[in-house]
Amino acid sequence: MNKKQSFIKSIKKNISQSVYQALIEDLGKEIDINFDITTSLLQTNHNVSASVFTEEDGILCGQTWFEEVFQQINNRISTQVKVYTDLLKKTNIKLRDTRKTIPGLRYALKYAVLCGGACNHRLGLFDSILIKDNHIKYAQSITNLIKTAKINYPNLPIETEVENLEEFQEALNARSDIIMLDNFVYRDIIQAELTIFLLEN
């Protein structure tokens with residue numbers, strides 16, 4: 001089972017809980033339609049149906065959630081992500097998401113990203129290592145952080161966020177699995193790419 005399949009399996013386990021939490025937020029106490037005080041004013045002995053209309057083309061994402069409680073935000077994210085992934089079709093660039101999601105909706109939002117054709121970054125603080133500037137400032141050494149990470153968590157990917165070419169070279173020498181170029185100017189991005197190209201060839 002690859003990472004994407006494993007993530008989708010986790011999503012299915014998460015659906016019931018996330019929808020329950022969302023409904024509790026809205027209804028206040030428990031899943032009881034009577035707590036929707038406006039709807040409780042209506043007669044309940046009628047069958048009704050509903051239709052969904054959109055003002056523009058998009059991707060219907062989160063159908064499983066839709067069957068319980070339709071999450072409109074998923075469709076908007078998937079549609080916007082699709083715009084960006086279409087722009088990148090003829091390149092080797094992969095668009096990834098962020099861990100910074102709306103509280104309680106992480107699985108839903110990350111699923112929306114997949115539906116839009118992009119890739120997931122890390123799911124949380126537990127499934128991969130991301131060495132950032134605050135860690136580097138504290139430890140005073142990218143090399144030591146990567147070395148410690150490889151010893152303590154040999155099966156997890158290690159990503160290092162660097163702010164300049166000097167940090168990039170140190171992370172590269174220490175064999176960080178992924179290197180994130182934080183706010184690099186175009187010239188330095190090209191230099192970093194050239195360094196990797198020469199190393200691989």
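The questions below concern a predicted model of a protein chain and ask what stands behind the terms used for it.

Q: How many helices and strands does the protein chain have, and in what order do the elements run?
A: There are eight helices and three strands. From the N terminus on, the order is α-α-α-α-β-α-α-β-α-β-α.

Q: What makes a residue of this chain count as buried, and what percentage of the 201 residues does so?
A: The relative accessible area has to be under 20%. Of the 201 residues, 28% count as buried. In α4 (106–115), the buried residues are Ala108, Leu109, Lys110, Ala112, Val113 and Leu114.

Q: Why is Glu159 said to have no salt bridge?
A: A salt bridge needs a side-chain nitrogen of Lys or Arg within 4 Å of a carboxyl oxygen of Asp or Glu. For Glu159, the nearest side chain of opposite charge is Arg122, at 6.5 Å, so the requirement is not met. Glu159 is nevertheless buried, and its place is in strand β2 (residues 158–162).

Q: What makes the pairing of Glu159 with His121 a polar contact, and why does it not count as a salt bridge?
A: The two side chains come to 2.6 Å, and the limit for a polar contact is 3.5 Å. His is not counted as charged, and a salt bridge calls for Lys or Arg, so this pair stays a polar contact. Beyond four places in sequence, Glu159 is also in contact with other residues, including Ile129, Ile131, Ser176 and Met180.

Q: How do you know that the side chain of Asp127 makes polar contacts with backbone nitrogens?
A: Asp127 reaches the backbone nitrogen of Leu123 at 2.8 Å, and a polar atom of the Asp127 side chain lies 3.2 Å from the backbone nitrogen of Gly124. Both values are within 3.5 Å, so both pairs qualify. Asp127 is located in the loop between α4 and β1.

Q: What makes a set of residues a nonpolar core, and which members of the largest one touch the most others?
A: The members must be buried nonpolar residues, such as Ile, Val or Phe, joined through side-chain atoms within 4.5 Å. In the largest core, of 14 residues, Ile131, Ile142, Ile146, Ile158, Val162 and Phe168 touch the most other members. At least two residues each come from β1 (129–131), α6 (142–152), β2 and α7 (165–173). A second, separate core has six residues, among them Phe7, Ile11, Ile15 and Leu123.

Conventions: Residues are numbered from 1 along each chain as its sequence is written. This is a predicted model: local features need pLDDT of at least 70, side-chain atom pairs count only at pLDDT 80 or more; totals for chains, interfaces and linings use all residues. Side-chain values use heavy atoms; hydrogens and water are left out. Helices (H or I, at least four residues) and strands (E, at least two) are DSSP runs, numbered from the N terminus. Buried means under 20% relative accessible area, exposed over 50%, partly exposed in between (1.4 Å probe, protein chains only). A polar contact is a pair of N or O atoms within 3.5 Å; within protein, one must be able to donate a hydrogen and the other to accept it, and residues adjacent in sequence count only if both atoms are side-chain atoms. Contact means heavy atoms within 4.5 Å.
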